[in-house]
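Please open the model in your viewer and keep the selection tool at hand. The stops below say what to select and what is there.

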Amino acid sequence: MKTKTEFYQSYFETLQKKGFTVQPSTSPDYVADIYHRDKLIAFFTKNDMLMKNPFVEVQDKLMDRIQTLAKSTAVACGICSDKPFDEETAVKLPNNLYKINEHNGVVLACKHHPLFEYVLSTYRCDEKKNPIQRQYFYNKEDAFESFAARSGLIDEKRLFSETDLKVIYAGLVKMRTIDNDMTQDDLNSVERLVDKIEDIVPELQKREKALDFSWLFGSMERGIERE
């Protein structure tokens, strides 16, 4: 979980489960309207802020609750919650932005966010030192990988994206379960690669269990057909 859209989805689903109602906002200034017992209590703004409805009486504990649910969802989604820089070594920029690193004209920066904790970005600077081509990240690992690739610290052509790894993983699992011509050494090599990809993309571990169960069920069906 690394994008703002995915956070929205998880957060709004969590609110629904906790007794709140979330509806698309009728105002262009907000992403969603949040209701409690048919009363509009808050707005989720386009700036990723929770704003209490000033026109109705809303208990502070309700606002605290939806704020806490937002932060817990952000942590569960892998959004950066630990300060990814040292204030003594990072360079403070305007608008409360901190520069973590710079290489080959590419900057890695971070800003504290009241909801997402820390939002990171990578960008280049124009001739007047103004940021251009800025890309935002809500996951620290993604931001650091982007900076390393954009600045030339690593060769981007040698990297596999998470999507690439998932495709490779699916092929390895299929190979491991249906290819009967593989030697034990081949199987051991495939197993090491599967484990390595699972370490990089932990969510695949749950998917792997489902794949194994599906394969077992299919084998049972084929056994019944032969009988």
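## A tour of the predicted model

Start with K71, which is partly exposed at a relative accessible area of 33%. This is a predicted model, and residue numbers count from 1 along the chain as its sequence is written.

**Stop 1: the partner of K71.** Add E117 to the selection: the two side chains meet in a salt bridge, 3.7 Å from N to O. The pair links distant parts of the chain, with K71 in helix α2 (residues 60-76) and E117 in strand β8 (residues 117-125), 46 residues apart. Side chains of opposite charge can pair when their charged atoms come close.

**Stop 2: other salt bridges.** How many salt bridges are there by the rule used here? The count comes to four. Besides the pair just seen, select K83 and E87, whose closest N and O atoms are 2.7 Å apart. K83 is partly exposed at 41% relative accessibility, and E87 is partly exposed too, with a relative accessible area of 44%. Then select K99 and E102, another salt bridge, with the closest N and O atoms 2.8 Å apart. E102 has a relative accessible area of 39% and is partly exposed.

**Stop 3: the four-stranded sheet.** Switch to a cartoon view and select β1, β2, β3 and β4. They form an open sheet in the order β1-β2-β3-β4, with antiparallel pairing. β1 and β4 (50-52) are the edge strands, each pairing on one side only. Neighbouring strands of this sheet are turned by 30 degrees against each other on average, direction ignored.

**Stop 4: from β1 to β2.** Select residues 20-24, strand β1, which is joined to β2 by five bridges and runs antiparallel to it. To see one pairing, pick T21, whose bridge partner in β2 is Y35. The two strands form a hairpin with five residues between them.

**Stop 5: strand β2 itself.** Is β2 largely enclosed or open? Select residues 30-36: five of the seven residues of this strand are buried, so β2 is largely enclosed by the rest of the structure.

**Stop 6: from β2 to β3.** Extend the selection to residues 39-45, strand β3, which pairs with β2 in the antiparallel sense over six bridges. Within this pairing, A32 has F44 in β3 as its bridge partner. Now look at the turn: the hairpin of β2 and β3 has two residues between the strands, and R37 takes a positive phi near 55 degrees there.

**Stop 7: from β3 to β4.** Three bridges join β3 to β4, and the two strands run antiparallel. Select A42 and K52 to view one bridge pair, with K52 lying in β4.

**Stop 8: the helices on the sheet.** Keep the sheet visible and add helix α1 (residues 4-17). This helix lies across β1, β2, β3 and β4 and runs at about 140 degrees to β1. Next add α2, the helix that holds K71. α2 also lies across β1, β2, β3 and β4, running at about 170 degrees to β4.

**Stop 9: H113.** Finish in strand β7 (residues 106-113), where H113 lies. Is H113 buried or exposed? H113 is buried, with a relative accessible area of 11%. Which residues is H113 in contact with, leaving aside its neighbours within four places in sequence? Select N47, D48, Y118 and V119 to show them.

Key. Predicted model: local features only at pLDDT ≥ 70, side-chain atom pairs only at ≥ 80, totals over all residues. Heavy atoms only, no water. Buried < 20%, exposed > 50% of the residue type's maximum accessible area, 1.4 Å probe, protein only. Pairing = 2+ DSSP bridges. Axes fitted to C-alpha atoms, helices over the stretch in contact; angles between N-to-C directions. Contact = heavy atoms within 4.5 Å.
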